[in-house]
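Visitor: I would like a close look at one part of this model, with its surroundings explained slowly and each term made clear.

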Amino acid sequence: MLHNTVELRPDYSKAGISHSDSVARLTTYIIDHHNEFRGDKTRPMVLICPGGGYTHLSSREAEPIALRMNAHGYNACILYYSLAPDKYPSQLIEAAMAVDYIKKHAEEWHVNTDKICICGFSAGAHVAGSLGTMWKDDIITKTLGQKSEDYRPSCMLLAYPVITAGEFAHRGSFDALVGGDEKMYDTVSLEKRVNDDTVPTFIWHTFEDGAVPVENSLLMTGALRKYKIPCELHIFAKGCHGLALATEETACLTGREIQPECACWPELFATWFDNMAI
């Protein structure tokens, strides 16, 4: 396996974006391509954005997810994106740069560029959803300088996602993302950013989520439906926020994050991803 970490350093000054000295990182989990494999064999890629309310990054939603994606035969990368005080659109640009980096290394890593899924959990799902809806935004091309298509993921996986800055907001995430600037709320509310170019989407959430209300996923699904964007939605009856794999592997000390009926989500996603039209 190619396990490596590279730094992503967008030139934010090109778009007049203020940014700290922090550096985004991309860590790879690339499955070895053995001589016994068919010469033209390629694998899907899952680009993972951990959650943490834009103030920290959850390790529970990082390497364990990458290894689980590897177990399904997918390559994986983890994006350790910028956090507060760095604000929007820093994270959007870093996600775009990560997709471009993957595409530039697709031949070396034997990646199927038609199957690059950006995946996120909680606030990380907001990062993923931002790119999935806004990959054509001028701020990306102005900063990174290439064609919009270079930054387009094939689809997105949103797990208990932070979506809306409105009534059902996880207010802490948006306070960190835009510094409490209410004028930015429409810009960063993803249900308002869905458009004809939004990529196909897989979403899962729990009805009991007490931190990020399930209405976030319902609002996103409604917007995707409006624009006829292919979407699969799973709402599980039980389970707290931040389940990750919903198994002991990613549980905290209390064990609240062990929710057996939710632990099937990687298989549900894999079935959807493997059969997604490209």
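Visitor: Where is the place of Phe207?

Guide: Phe207 is in the loop between strand 7 (201–206) and helix 8 (215–226), where helices (H or I, at least four residues) and strands (E, at least two) are DSSP runs numbered from the N terminus. The model is predicted, so local features need pLDDT of at least 70 and side-chain atom pairs count only at pLDDT 80 or more, while totals for chains, interfaces and linings use all residues. Residues are numbered from 1 along each chain as its sequence is written, and side-chain values use heavy atoms, with hydrogens and water left out.

Phe207 counts as exposed because its relative accessibility is 61%; exposed means over 50% relative accessible area, buried under 20%, and partly exposed in between, with a 1.4 Å probe and protein chains only. Together with Leu218 and Ile235, Phe207 makes a nonpolar surface patch of about 300 Å². Such a patch joins nonpolar side chains (Val, Leu, Ile, Met, Phe, Trp, Tyr) within 5 Å, from residues with over 30% relative accessible area and no salt bridge, that is, no side-chain nitrogen of Lys or Arg within 4 Å of a carboxyl oxygen of Asp or Glu.

From that surface we can turn to the interior. The largest nonpolar core has 59 residues, and those with the most contacts inside it are Leu47, Leu79, Leu131 and Met220; a core is a set of buried Ala, Val, Leu, Ile, Met, Phe, Trp, Tyr and Cys residues joined through side-chain atoms within 4.5 Å. Helix 2 gives the most to this core, with 7 residues.

Helix 2 is mostly covered, since 11 of its 15 residues are buried, among them Leu92, Ile93 and Val99. Its 15 residues (90–104) should span 21 Å at 1.5 Å a residue, and the end C-alpha atoms are 21 Å apart, which agrees; the expected span is 1.5 Å times one less than the number of residues. Leu47 touches Ala95, Ala98, Val99 and Ile102, among other residues, not counting those up to four places away in sequence, and contact means heavy atoms within 4.5 Å.

In the loop between strand 4 (75–80) and helix 2 lies Pro85, joined to Ala84 by a cis peptide bond with an omega of about 20°. Pro89 is also placed in the loop between strand 4 and helix 2, and a cis peptide bond with an omega of about 10° joins Tyr88 and Pro89.

Methods
Patches are made of residues with over 30% relative accessible area and no salt bridge: like charges are joined within 9 Å, nonpolar side chains (Val, Leu, Ile, Met, Phe, Trp, Tyr) within 5 Å. Accessible areas come from the Shrake-Rupley method with a 1.4 Å probe; for residues, only the protein chains shown count as cover.
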